[in-house]
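Trainee: Got a minute to go through this one with me? I have a few quick questions.
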Amino acid sequence: MIPTFLVITILVYFLCRTVPGGPIEREKERMMMAQLEEGAQSSGSYNDELDKFATGELSDEDKAELMAQYNISDNAWADYFAWLGRTLSGDLGVSATYNEPVSKLVINRMPISIFYGVISMFFIYGICVPLGVLKALKNESLSDNISSFFVFVAYAIPGYAFGAILLVYFAGQWQLFPLGNFVSDHYDSLGFWGKIYDLLHHAVLPMSCYLIGSFAFMTMLVKNTMLDNLSYDYIRTALAKGVPYRKAVFKHALDNSLIPLATHFGNSISIIIGGSFLIETVFNIEGFGLLGFNSLESRDYEVVMGVLAISCILQMVGNLLSDICVAYIDPRVKFD
Amino acid sequence: MLNVQNLKMHFPVFGGLLRRQVAKVFAVDDVSLKVEPGETLGLVGESGCGKSTLGRAILQLYKPTGGSVQFLGKELTELSKSQMRDARKDIQVILQDPGESLNSRHTVGRIIEEPLEIHGIGKTAKDRKERAIELLKKVGLQEDSYNRYPHEFSGGQRQRISIARAIALEPKLIICDEAVSALDVSIQSQILNLLMDLQKEMNLAYIFISHDLSVVRHVSDRIAVMYLGKIVEITDTDTLYSDALHPYTQALMSAIPMPDPRRKKDGSNT
Amino acid sequence: MLQVKNLSTTFALENETVCAVDKLSFDLPQGKTLGIVGESGSGKSVSALSILRLLPRPMGQSTGEVLVDGKNILDMNPEEMLKIRGNKISMIFQEPMTALNPVHSVGKQLMETFFLHFPEITKADAWNRSLEMLTKVGIPAPDKRMHEYPHQLSGGMRQRVMIAIALSCEPDILIADEPTTALDVTVQAQIIQLMKDLQKKNNMSIIFITHDLGVVAESCDEVLVMYAGRMVEQAPVIELFEKPSHPYTKALMASLPQLSQQRKTQLQTISGLVPSLKELKDGCRFGPRSGFPHDEESLTKRPEIQQITESHRIEWCPICQKALQETSLC
Amino acid sequence: MNPINQQRWQRFSKNKMAMLSLKIFLALTIISLLSEVFFNDKALVVYYKGEMHFPFIQNAIPAKTFGLENESEANYLELQKTFRKKPEDGNWLMMPFIPYHYRSITKIDTEPIDLQLKKTEDFYSKQIKELQIDPNANKEKIYQLKLTRNQALGKLDSQKYHPLPPSLARKHFLGTDSTGRDILAQLSYGYRIAIAFAIILLIINYIIGIAIGCAMGYLGSWYDLLMQRVIEVLSNIPFLYIIIIIAAILRSHGFTMGFWALVGIYVSLGWMGMTWYMRTATLKEKSREYVLAARAAGASDTRIVFKHILPNVVSLLVTFAPFSISGSIIGLTSLDFLGYGLPKDYPSWGSLIKLGTDNIQAPWIITSIVCAMVLVLFLINAVGEGIRQAFDPKKISHFE
Amino acid sequence: MKKYLTVVGFLFFASILTIILLAARKNTFLRETRENISIADIKRPKPFPICDEQWPTDLVWHNGMDQDIFSDPKATKGGTWNTSLTSFPPNFRQVGPDSNSGFRGAMDDNDLGLVDVHPVTQKLIPALAKEWAISKDRTIVYFKIDPDAKWDDGMPVIADDFIFRLKAMRSPGIVAPWYNQYYSTMVSDILKFDKHKIAVKLPSPMADTVLKAAMRPLPYHYYGELREIRKKYPLSRAISYLKRDNKEVPPNILKIKDEYESSVTSAKEGEKTPKEPSVEITVEDVEANWVKNHNWKIQPRTGPYNISSFIKGKEVTFERNKNWWAKDKKYYKNRYNVDQIRYTVIRDTNLAFEKFKLGQLDQFALLLPNYWHSKAKYLDPVDRGYMQKLWFYTQKPEGSSQISFNLDHPRLKDKNLRLGIIYALNIQNMLDTVLYGDYERSETFHEGYGEYSHPTLKARRFNPQKAIEYFNKAGYTKIARDGVRINDKGEILSFKILYAAPFHTQRILALQNEAKKLGLHLELDNFDTTAVFKAMLNKEHEIAWHGWGAGLRPQYRGQFHQSFAHKKQNNNLSNLDDDEVSQMIDEYRFALDTPTRVELAHKIEERLFELAPAVPTYKVPYFRQGLWRWVKYPPFIATPSNDMIMDAYGLFWIDVELQKEIRAKMTKKEIIYDIPPLIKNTRYKGAP
């Protein structure tokens, strides 16, 4: 995982540096814009030097000044290792477009991500597991087939497309829910219960999008593993001991069916906390994913790298969480 | 004919964070044995003692860690790939699970013809087909099996196909790796008879690997007993069954369930 | 004790229904071991599972009667079944690795039986009795083992744990479905000995299902030979081995390599193949392989069961019978 | 066909839902492949002065040919109108089922609407005037009337501008988008691109996957380890990030992100999935006994790979194909949605979603595209599930 | 089971806890407010020296007081103006890295210059300067600073603040090379005569002299004294800086200069010219780390409003300075009426529109035709009389939107081909369909510049016959299978059209569709703004669709001068390399009197029309807005220079009473009757 982290960050770092529109280029562009704005007032300039500027040509000194401002030097490797060193010591640099420490930006986004992450995890695990078990027990009955159909449909909808249609109908046409955002602008002026209402009212639509895919996937996963487990020998042993069927299902089969879920636990938590910027784009939620995406669009590489590093770390934490969960559920796995 | 000297087969065990080799499994540890033409050497032992690994190491399907395997005067461990291919003509294998060891996508004919094709026996496809049909008949299968697929046959018949493939090149030695263990009793005897017939007819030597001691005893001239990767005792069959020397062999012998209720009942009473 | 009458079990496969056990009847006397032998697909395991109604649903269906203390198990409602399973009749299975729940500790699985059948038992009691059971089946350091999980045990140990679970409520009947097949010979011998000892102590009856005639000879009092879903012969063990009467039993015995036999001689064989369940006819099922010409009638009409001696039953068709007598193979 | 595959096909064909899905999917695909026949602004057949023309497959035919004044290509809808005005000439033409190409922009005939607007306005104005004459009239009533008038006018007026709601009369079955293009036509052409993209990607990924994956599984050792690292790194890279960055780099070097560039980027970052499956499958097959038997028979490595392992492994890949296709479609659509996908004049599902979210007042856009997307993905997934079950039939059993 | 319940239970409590924690936060949005420092605490920095020169006495002074006022005396003060921003500014600096955000304008508007321009007559009016005069040689402009002028922290505006601006803008510490250069070359010096008398020296005579010299001050007392640092510059710049600062060039630098010059002259042809050496000189600089320190600081301003508080990423509030020094001045009276201006960040225009409809925003720009005609065509609040839609034609310089051909492209060199393309572009159709017929066709590249704009020139219109004629002339005579023309060489008539804004897609699609019928294929080539901009500047495009901002006077040099042709990184996107045009442009640059310049401008436009390196597309000579009724404006609505109702002129006001009333009526859905729902003012439509 650590080598992967290094390679990915190196790759993205170097790619970022080759992309046009970095801070220096942006400065050049800005100077040309400035020429248009301010220079427009003059009928023409009288100095070749200014002409040069109008075409975005910088002297080495000017460039050096700007580069120092953005923590860039000519030696990309040295810069990368400097970045790595800073990152490891907890300093993610300063955003060029927000002029804030990246870590502060990230921390600001965290409550949003944690909110969606934790609650959707609760829904996924709290509802999919019983639903999956039920479907396994009622396998191939009418109710199972109908619910399977819906699960299939849900599985076929990409979250953001679902979000788009929800937004158009529930928020735009019928105005039952707000048109996006995490909370309303006057959130601070609300009372405690008002805040809770506001929070949840805003969360309904995006939450549905976060849930829909994982929900379908998890339900089918639980159902299938459950079906597998139900035909295993140890269920027969349990029954032979005199364990009632339902108890065998819930005590024996369920405990075994949780193993694949546990392997998914960390994965889904890191995905949701990492945020889907597609959904965040649709609902205009300033979460973690959108932060990364926006800074990519504005070529704010300190933020891009910071977000990337944190997603990598999140993924590692997610894997660790998965491992802990699996070790908790499955005694065959030793956690060392 | 076959002379195995101090053969070693070690498998590394990886573990830890960096996937370093942390231990070795001594699957075959310093084994020496000899097989003469036309002879059957039984190889017995409990599961995991390394008997199958030994068989495969002799066949060079696994590259042995150490020791030498001399076959017909050639040192197999030192042969190049193409030389080894030639050597394989004389040493063949029959595996335990005939369902697994036959490629389910090929017809029986193609399966049997494959070794012929590889070694360039039979000039034309027609020649090879004739030879394949001949072999099928030899192992007691119908001519029309030629165009059928393995899954259309029962376990015993499939093992016959395996045998046909193994003898297609007229080898000198066949390693039977648990060749009859998966078969029902009534079929097992058919296959054993077939193997013994072929041995007589073609002067084959067998290394007969099995955990079933009574079967091994029936077909073998000599028996090697393996325990934890080592051969603990190697002697001719009758001696082994009358007075085994090694305590492990003795324990093994006494544990064999005999289809003779009176004897056992008496034994347990005393 | 346990009476099985006309037990038939059918399986619904993808396209057709096959009859895996065809009108099987036998009695199991108290304190005795009944061995059921047969080749793969002969229906021995299915009949054992049918007795405890543990066939996989929705394919398996049983008819007939399985009487325990005069009550038919097949007619019982689920609550009554719970009292039979584990309590009255226990079962151990072939593969102890998969038969034990991999995520529950040995102790938990053992104690569960006690909690099920003695609802008032305290946790400490259950613990102690479980320990006792483990000691009984000869597991060293049982209190350590209680905390361990199945994957931490060796094959033999696992089978011992299975036996401990099965015997924890002191059942009257133990059904052992190929309990030693997956084990090495040396371990097999220990397990068989263990079962024998426990049987003596508890005076229980055992149905011992195996394909290994040697194991049968060592462990059983009575033997029931099955072929293609039917009983072909049932007799006390010594009688069966010394005087097998049915051509199938005979041929089976003969095809085994014997220690007394000359090495490298031709073995007796049974010609043909084990019939597939899908192509079974109603008549003499061994007929086509017996080496005697069978007419159409004997192949379509089910042969009768004959009681040769008091304890020796045999199902043979007239043609086999006649042919046997004529060639006097026995 | 190999008996195993026969059996699989039989199992598949017994699965009603999968079969139905496959049929619908194929039907949709065929329709979209023949989009030019079903959705086109060029006529299928023109009969003019005793001559037959087939504009939809012919070179652009100047309007002059059909007696119009224009030098440019004929507007066949207009032509149809002129033909109909003079039925005595015997000229006729046949338009496709929906007479719009994805890029044809429908001009709204505002005249009748203006007429209607005027009528409505007159209607209300008269009433208002009448009320105004009466000095006792309720002022409120007048304003109420004005309000009603405005609403009526507003509704009428909105018909003058795109997007237009679905209408059978205009042959815009799913309405138009804000540029005035037919949504159904865009769906069909967009689907064609998406499916072509997915299938091309599938083929390339399979070729790469089979080559590298087999080599990894079969050769093992350092090659396998190295490729494992490479795959691990590549599959942990945030996909969309890299696509955006690479697209920007390419752009700055003068390459436009076209269809093939997108395929290239997708392949370069997406080949790992199939490779990994192939590696696992090869490893599994390699350790099977028939391979051992072949080796014992003296078969060379190439022979084992090409005659034994590949045929067995490749058929497994069929099970992944539908899911790979649906994944590619979703990927392309998301990228288009973000604006980093295909060039903007391509018909694209992703841009339609973007358009739908931007035009909240026109819900038919988003409804059409999302429903189409769900339908197609559902069909593909259902087929995939059918194939999976056919390959790996699990008779589900449980105990009582 | 137990483990499962444990996990789910844990997740449940974690969810509840998260919600409670989020709801219990006191200040979800961290509001930062501007510090108030009393005048007594302000440290006064060392004043700049008074110059040696004499204050001339023979000057003609202007005070601009003869113009009409343009505000409404009925305006009342009060209320809060809610408006939106699409993104939060990256900092509050007006100079330095990342300072050029859309938000900078909001701050710039509150920094008065020395003089201002009257929005109707375009004549000068006083701002910080009370009077001004121009020297005879038109290189020095003298200003008398209004003694009333004050910063909003109470400090008076004095001559030092202007000198400080010049020095600060020249200092390296602001990290803005372009500003460094501009202020070093466009202004040569500022002379201080006393506290309120300054003269701005220009390097040479220029047209619009006063405006060029009319600087904005920078609060010297706020930023503090300058320090001296050593700094490396390229040789020539170092020398020019030294001259600028009236310093002597040290001998060591002179020596380096000689060496460099001799090496340049001695360099053989074909050899690379030696790199210009860098030398270290002493320059004045603002405080260390100025850029970082002033990211979020709020500087004092001379204008009516200043930032009072903000929430980063969310909101900025401006508050009216109740004691603004100019509040009773002739041209400033009755302007800047609302007490607060609140900018809220709403990224999505749709969302902003929805919020406007709910009354959370006071106005919404309905400039885009699809908003005006489709989304806002029928609005309940309008019909109920709560809201008004306003369409106001203005007369200000138009940013030019045009389609440029890259003349370096081998095929586009052919004028016939270009003309063919121009005639094949059905721009009118695009305006009529996609733009609902309300944008207007631009005729020249510079519209709305008053007399400078060409009065009669008409851009080429869509003409299929001509298009085909020219295509044939260019050799594209055959039509290929898909209807696209092809020449004998097999080249198809297809060009990539590069553009940046996603909302242009629709428009170009409309062009593409029409052009296709004539056998011309336009391939859409779009990416994000940064990449497209870079591609255009690198001249990688075939055809580019782009727009330039508007200035005070037409600008030709950057776009059309030959010195920028065939080179990367400049604004001559069509690579036009024409001697005649370049010569005229140079003349235009240096001409001082207006009639000559106007004439030249017209000639240049005519020549450009003839050469057809680009084609102007459309202009939007008006603004459109939706307004809530409580927003009041003068009877003349706005001046011809207005951007919107709410802009730098601040002529509108909010009727707080009416606001309350309307809000009350909204809840009851009562209808208000006496209001015209739509106002379309065409007073300033067409040529002045």
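Trainee: What phi does B:Gly140 take, positive or negative?
Mentor: Positive, about 85°. B:Gly140 sits just after H5(B). Keep in mind that this is a predicted model.

Trainee: How many residues does helix H5 of chain B have?
Mentor: It has 14, residues 125–138. From first C-alpha to last, H5 of chain B reaches 20 Å, close to the 20 Å expected at 1.5 Å a residue.

Trainee: Which residues in H5(B) are buried?
Mentor: B:Arg128, B:Arg131, B:Ala132, B:Ile133, B:Leu135 and B:Leu136. Their cover includes helix H4 (108–118) and helix H6 (155–167) of chain B.

Trainee: New topic. What is the area buried between chain D and chain E?
Mentor: About 4000 Å², with carbon and sulfur atoms giving 53% of that. Chain D puts 44 residues into the contact and chain E puts in 49.

Trainee: How many salt bridges are there between chain D and chain E?
Mentor: Zero. There are five residue pairs in polar contact across that interface, though, counting pairs with both residues at pLDDT 80 or more.

Trainee: And which element gives the most to chain D's side of it?
Mentor: H6(D), with eight residues.

Trainee: Last one. How many disulfides over all chains?
Mentor: Zero. Take A:Cys312: the nearest cysteine sulfur is that of A:Cys16, 13 Å away.

Trainee: Is A:Cys312 buried or exposed?
Mentor: Buried, because its relative accessibility is 4% and the cut-off is under 20%. C:Cys19 is in no disulfide either; the sulfur of C:Cys284, the nearest from a cysteine, is 16 Å away. C:Cys19 is partly exposed, at 23% relative accessible area.

Definitions and conventions. Residues are numbered from 1 along each chain as its sequence is written. Chains are lettered from A and ligands numbered from 1 in the order in which they are written. This is a predicted model: local features need pLDDT of at least 70, side-chain atom pairs count only at pLDDT 80 or more; totals for chains, interfaces and linings use all residues. Side-chain values use heavy atoms; hydrogens and water are left out. A disulfide is a pair of cysteine sulfur atoms within 2.5 Å. Buried means under 20% relative accessible area, exposed over 50%, partly exposed in between (1.4 Å probe, protein chains only). Helices (H or I, at least four residues) and strands (E, at least two) are DSSP runs, numbered from the N terminus. The expected span of a helix is 1.5 Å times one less than its number of residues. Contact means heavy atoms within 4.5 Å. Buried area is the accessible area (1.4 Å probe) that two parts lose on being put together, summed over both. A salt bridge is a side-chain nitrogen of Lys or Arg within 4 Å of a carboxyl oxygen of Asp or Glu. A polar contact is a pair of N or O atoms within 3.5 Å; within protein, one must be able to donate a hydrogen and the other to accept it, and residues adjacent in sequence count only if both atoms are side-chain atoms.
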